[in-house]
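This report describes a model of protein chains with DNA strands. It starts at the DNA and then turns to the protein.

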Number of protein chains: 2
Amino acid sequence: MILEIDFNSDEAYYIQLCNQIILGIATERIREGEALPSVRQMADRIGINMHTVNKAYSVLKQEGFVKLDRRRGAVVSLDIDKIRALEEMRRELAVVLARGVCKNVSRQEVHEMVDDLFDRFTGGMDQNS
Amino acid sequence: MILEIDFNSDEAYYIQLCNQIILGIATERIREGEALPSVRQMADRIGINMHTVNKAYSVLKQEGFVKLDRRRGAVVSLDIDKIRALEEMRRELAVVLARGVCKNVSRQEVHEMVDDLFDRFTGGMDQNS
DNA sequence: TATTTGTTACACTTTTGATAGAACAGATAT
DNA sequence: ATATCTGTTCTATCAAAAGTGTAACAAATA
């Protein structure tokens, strides 16, 4: 699992960390039941403060991606609230697509991009889910 | 054109304003060549400070959605840098889809959502663009 | 001339992001 | 038992971002 913070990005470190972990889960580089490095290990590895990692883990817990276990650390545990997930996705997607539409990105190009990304996530094994 | 700030949102006011204007352009409620209300008018109307509106307009200018004219104000003028737009869309889409995949949102559901949003933007008149 | 435009400058407050050190209870392994 | 690890929680500090307020300026307009 490659985790790297872009210290020049304008995105907050804890947001970058959250997104990369979520991408890791989606691409199955981290699997359900696996534990993330402890806040201190992770902090050392990627070069940021323990409390910043802790904040990222707390957000991931709040959003239902991990559960925090005192003995095992942050364990990937997906809380499936699909209705809520669909609502949030729609809100975010609306803004992303609106930007694209303004820049003449076509419907077909978006569909192709979605397929391409989905292939990366599931490796083509997502006929049902 | 309905513009409203959610004062309870954790999203910055100027980001909310940017997104709503972009949505307005995408849905053609604001058309190319039209001018947005002046920073002072807009500030009065939606109940935030002039400088915050100015910041939003500056960001929209920077991102190529409007041009700022001393006499006419902020005029919708789309600077089409499609390659850049596609790159940014891909980055943002990756995170949005990853979240969805973790929550069992299917490829088909995403495609349907994209179609639905595109219909809202272009009213079904986007076979070519 | 008076008004409106974007623009800029200075000042100020509040919130957020990030870091730091320290301590605690619970769990674990030696 | 001891030492070590876990998340967690304090207090503290610093910098940057977000937002507001007042004021002024040049350019354009009516």
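## The surface near DNA strand C

In this predicted model, helix α3(A) is the element that gives the most to the surface near DNA strand C, contributing 4 residues. The residues around strand C number 23, and those that come nearest are A:Y13, A:H51, A:T52, A:K55 and B:H51. Of the strand C atoms that come within 4 Å of the protein, 63% belong to sugar and phosphate. By class, the surface near strand C is made up of 9 nonpolar, 7 polar and 7 charged residues.

Three polar contacts to strand C can be described one by one. The backbone of A:Y13 places a polar atom 2.5 Å from a phosphate oxygen of DNA strand C. The neighbouring entry in the list is A:Y14, where a polar side-chain atom is 2.8 Å from a phosphate oxygen of that strand. A:R40 addresses a base instead: a polar atom of its side chain is 3.3 Å from a base nitrogen of DNA strand C. Both protein chains take part in this surface, since two or more residues come from each of α1 (13–26) and α3 (50–62) of chain A, and from each of α2 (39–46), α3 (50–62), β1 (66–69) and β2 (73–76) of chain B.

## The surface near DNA strand D

DNA strand D is surrounded by 24 residues, of which B:Y13, B:H51, B:T52, B:K55 and B:R71 are the closest. Sugar and phosphate make up 62% of the strand D atoms that come within 4 Å of the protein. The surface near strand D holds 9 nonpolar, 8 polar and 7 charged residues.

Helix α3(B) supplies the largest share of the surface near strand D, with 4 residues. At least two residues each come from α1 (13–26) and α3 of chain B, and from α2 (39–46), α3, β1 (66–69) and β2 (73–76) of chain A. Two backbone contacts reach phosphate oxygens of strand D: a backbone N or O atom of B:Y13 lies at 2.5 Å, and a polar backbone atom of B:N49 lies at 3.0 Å. A base nitrogen of DNA strand D is 3.2 Å from a polar side-chain atom of B:R40.

## Helix α2 of chain B

Which residues of α2(B) are buried? They are B:V39, B:M42, B:A43 and B:I46. Viewed down the axis of α2(B), these buried residues lie within an arc of 100°, so they line one face of the helix. The cover over them includes α1 and α3 of chain B.

The other side of α2(B) carries the exposed residues B:R40, B:Q41, B:D44 and B:R45. B:R40, exposed in this way, is also the residue with a polar side-chain atom 3.2 Å from a base nitrogen of DNA strand D. After α2(B) comes B:G47, which has a positive phi near 80°.

## Layout of chain A

Chain A contains 5 helices and 2 strands. Read from the N terminus, the order of its elements is α-α-α-β-β-α-α. Along the principal axes, its C-alpha atoms fill a box of roughly 45 × 35 × 25 Å.

Chain A has 129 residues, and 44% of them are buried. Of the contacts in chain A between residues at least 6 apart in sequence, 47% join residues at least 24 apart.

## The interface between chains A and B

In the interface, 49 residues of chain A are in contact with 48 residues of chain B. About 5,300 Å² is buried between chain A and chain B, with 68% of this area on carbon and sulfur atoms. A:R99, A:K103 and A:R107 account for 16% of the area that chain A buries against chain B, more than any other three residues.

Is A:R99 buried or exposed? A:R99 has a relative accessible area of 17% and the cut-off for buried is under 20%, so A:R99 counts as buried. A:R99 sits in helix α4 (residues 82–102) of chain A. Leaving aside residues up to four places away in sequence, A:R99 touches B:N19, B:I22, B:E63 and B:F65.

Conventions
Residues numbered from 1 in each chain as written. Chains lettered and ligands numbered in written order. Predicted model: local features only at pLDDT ≥ 70, side-chain atom pairs only at ≥ 80, totals over all residues. Heavy atoms only, no water. Near = heavy atom within 4 Å. Polar contact = N/O pair within 3.5 Å; in protein donor to acceptor, adjacent residues only side chain to side chain. Nonpolar A, V, L, I, M, F, W, Y, C, P; charged D, E, K, R; others polar. Buried < 20%, exposed > 50% of the residue type's maximum accessible area, 1.4 Å probe, protein only. Arc of directions from axis to C-beta. Contact = heavy atoms within 4.5 Å. Buried area = accessible area lost by both parts, 1.4 Å probe.
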